[in-house]
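Student: I am new to this structure and should like to be guided through it. May we proceed by question and answer?

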Amino acid sequence: YNRLIRGGSSADAISWYSRMLLDGVAPDRYTFPYLLSACSKTSNPIDGAQLHASAVKLGFRRDVFVANSFVFYYGDLGDLERARKVFDEMPEKNVVSWTSLISSYTKSDRHREAVSAFVEMTEGNDAGIEPNEITTATVISACAKLRDLDSGERVLNSVAGGIPDSPAVANAVANMYMRCGAAEKARKLFDETPERDAILYNTMISNYVKLGEADEALEILRGMIRSGRPRPDRVTLLAAIAAAPEARIGMEFHGYASRNGLLPHPGISNALVDMYGRLNRPDLAHKVFDQMPIRTRVSWNSLLSCHARNGDFASATEVFSQMPQRNIVSWNTMISSLVQHGFFPEAIGMFRKVQREGTITPDETTMVSVASACGHMGALGSAKWVYRYVEKNGIIRRNVRLETALVDMFARCGETQLALEVFRRMPERDVSAWTAAIGAMAKEGNGEAAVAIFREMIEQKFPPDAVVFSALLTACSHSGLVKQGMNAFRDMKKIYGLTPKIIHYGCVVDLLGRAGLLSEALDFISDMPMEPNAAIWRAFLAACRIHKNEEMATTAAERMAKSDSEEVEVQILLSNIYASVGKWDDVAKVRKHMKRNCTKKTIPGSSSIEVNGAVHEFTTDDDSHQENELLNSMLREMYSRVSDAGYFPDLNSVLHDVDEDEKQCLLSKHSEKVAIAFGLLCSCKGVAIRVVKNLRICSDCHSFAKTVSKVYRREIVIRDNNRFHFFRQGSCSCNDYW
């Protein structure tokens, strides 16, 4: 009967067991493990519970062999409550009992309880039981999942003789060290292991790849090939392909796969297509794709990603149209790539196409990309629609990444209160979510609120990272909170052990410069442990321009001449400072220098505005808009009304040596003014006008927007490339400090 039960399906096994009892044949201690093995194939808890009751009734409750089988069975089903109950009721336990319980916890991702069970086994009432190789490997794997190096080493210290001479344990320990950030310990273990199997090699290579240590991964692989034993298998090659730093090395792996008969496997071919796409060799990616005997959806998506990743949307669109079947990965690849390359309206259009087709349901990844596109465009109407869509369709589902994207989306649209509402409603938060909330306050120029959120983050035991400090320092800079900003910069290393990077030094230069502390800012630059880059000088020169200090700007120019800073934006700022004080000879010198040394072209000013769900873009001195005549008429009316209200053009904002009439004409064509005029023409009375500007707003446009907000009784929100400006009743949220 045991043979019949062992070889049958769940239904057959139960049937044979029933017949066995009817025939008066008593089951032995092997019958129940065979029955449970058959029942586990169908995951039917009713059959298992009935067998458990039968085993107890027949007197097998005290049999450790049978009890272990039930612990393992319930753990395999995920019914940890019953598994623990059977375990606790066992009068006698052995190492298999403990291993079954520990394995039950790890299968259900309750790794902390698995570690606790191991500690209970080695240090509790059953401390005399020695863990075997399976126990050790299982609990070490749990420590790896927890990224808990201390517990992992505690486990190893409790094992008699240290790390057992077992390939399974060596592999688990190496993986734990790697995942816990102790790669040097993993390498030492690897080097000291006399008999290395393919699994250990694969563990080392794949973990080095995940850590971004391609050279170390390739070194392990080359050693494996040199030793000739074991031979690299499919898993090895997949990890190696992911580590290839350049096409030449990737081609070596390609050749190895071809010579060893691994190329026909779809996983290898797909990985090669992806690798060549990552290494910007779409020609070789196409060659691999064309030679594939069987092309799966993964194959098509890999080729699609190859073109989309490199910004070749013509080829990507062609591949997309040829795909026999598209899944959500295909659509997400197109949408996310459009967003990454700055094609935000096109990304929104692609999302609308997904909805129209109705065959694919957008997921969290889709909505993260769409939210990012709305945020970059500053399209509040679209942003609100996206938020309603994810709520209505239940897409959020405690997804921290998506909720963080929504916080950032509303912050970029100037709706910081909505951003904070989303943040406050998040049931779970990570450091990125806190960073988004602090960044929202920075964009608004609300440094006090940013500092308060940072303190709340620390109180809730979230360790800040370098990105958090960048957002915090920016918020302090935009609000003139010099003391709080300098304290944050000091605490970054002193308290939190983070080494400031050049972006943090740039924030401090901006902080000091905006506050008019130009000498202190220049001294700070001199004391930097690294060479100041273009961003540092850009921040300093922007402060010199705000405070009209051409002397400091000239000092900075002399310092820059000794460095390699030839970035065009820096030179333009220097030119603008000289122009604002009428030093046209110096302007000519700088521009001559730019023409000779700066290859990057200047970016024309452009502004966009969303009206009735459509985004309209205007470029400075561009008359091509279809409503151009109406816009010019509206601008004339606006100039007339704001002039009567006390507005006077700031001619210093014109950085050309021309007469005053020409300067006024040039000022009137700045893109944000045209966008505001369009908003007044096409939006309903009382609706806020929201403009996104690609450059920093000039002082004349800032003054103009303040007066327009008062004369027309409209709130005007302008997001420039640095911060938000909320114009209400003739004043700005930045308090003229930007």
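Student: Which residue in the turn of the hairpin formed by E1 and E2 has a positive phi?

Tutor: This is a predicted model. In it, E1 and E2 make a hairpin, with two residues between the strands. A positive phi of about 55 degrees occurs in that turn, and the residue is Asn612.

Student: How many bridges pair E1 with E2, and in which sense do the strands run?

Tutor: E1 covers residues 606-611, and E2 covers 614-619. Along this pair, Val611 faces Ala614 of E2, and Ser608 has Glu617 as its bridge partner. The sense is antiparallel, and the number of bridges is six.

Student: Which residue of E3 is the bridge partner of Ile609?

Tutor: E1 also pairs with E3; the two run antiparallel and are joined by three bridges. E3 spans residues 689-693. Within E3, the partner of Ile609 is Val691.

Student: Which strands lie at the edges of the sheet?

Tutor: The sheet is open and holds six strands with mixed pairing, in the order E2-E1-E3-E4-E5-E6. An edge strand here pairs on one side only. The edges are therefore the two ends of that order, given that strands count as paired if at least two bridges are found between them. They are E2 and E6, the latter at residues 731-732.

Student: Is E1 mostly covered or uncovered, and how many of its residues are buried?

Tutor: Helix H39, residues 671-682, lies across E1, E2, E3 and E4. The helix runs at about 15 degrees to E1. E1 is mostly covered, and of its six residues the number buried is five.

Student: Which helix gives the largest share of the largest nonpolar core?

Tutor: That core has 192 residues, and those with the most contacts inside it are Phe253, Met367, Leu406 and Phe540. Among the residues that Met367 touches are Phe351, Tyr389 and Leu402. The largest share of the core is nine residues, and it comes from helix H27, residues 431-444.

Student: How many residues does the second, separate core have?

Tutor: This core includes Met638, Cys698, Ala705 and Trp738. Its number of residues is 34.

Student: What are the helix and strand contents of residues 197-231?

Tutor: An unreviewed UniProt entry places the feature "repeat: PPR" at several spans, including 63-97 and 197-231. Residues 63-97 are 74% helix and 0% strand, with end C-alpha atoms 11 Å apart. For residues 197-231, the end C-alpha atoms are 9 Å apart, and the contents are 77% helix and 0% strand.

Terms used. Residues numbered from 1 in each chain as written. Predicted model: local features only at pLDDT ≥ 70, side-chain atom pairs only at ≥ 80, totals over all residues. Heavy atoms only, no water. Helix = DSSP H or I, 4+ residues; strand = E, 2+ residues; numbered from the N terminus. Contact = heavy atoms within 4.5 Å. Axes fitted to C-alpha atoms, helices over the stretch in contact; angles between N-to-C directions. UniProt positions renumbered as here; feature names shortened; annotations may be inferred. Buried < 20%, exposed > 50% of the residue type's maximum accessible area, 1.4 Å probe, protein only. Core = buried A, V, L, I, M, F, W, Y, C linked by side-chain atoms within 4.5 Å. Lists of a residue's contacts leave out its neighbours within four places in sequence.
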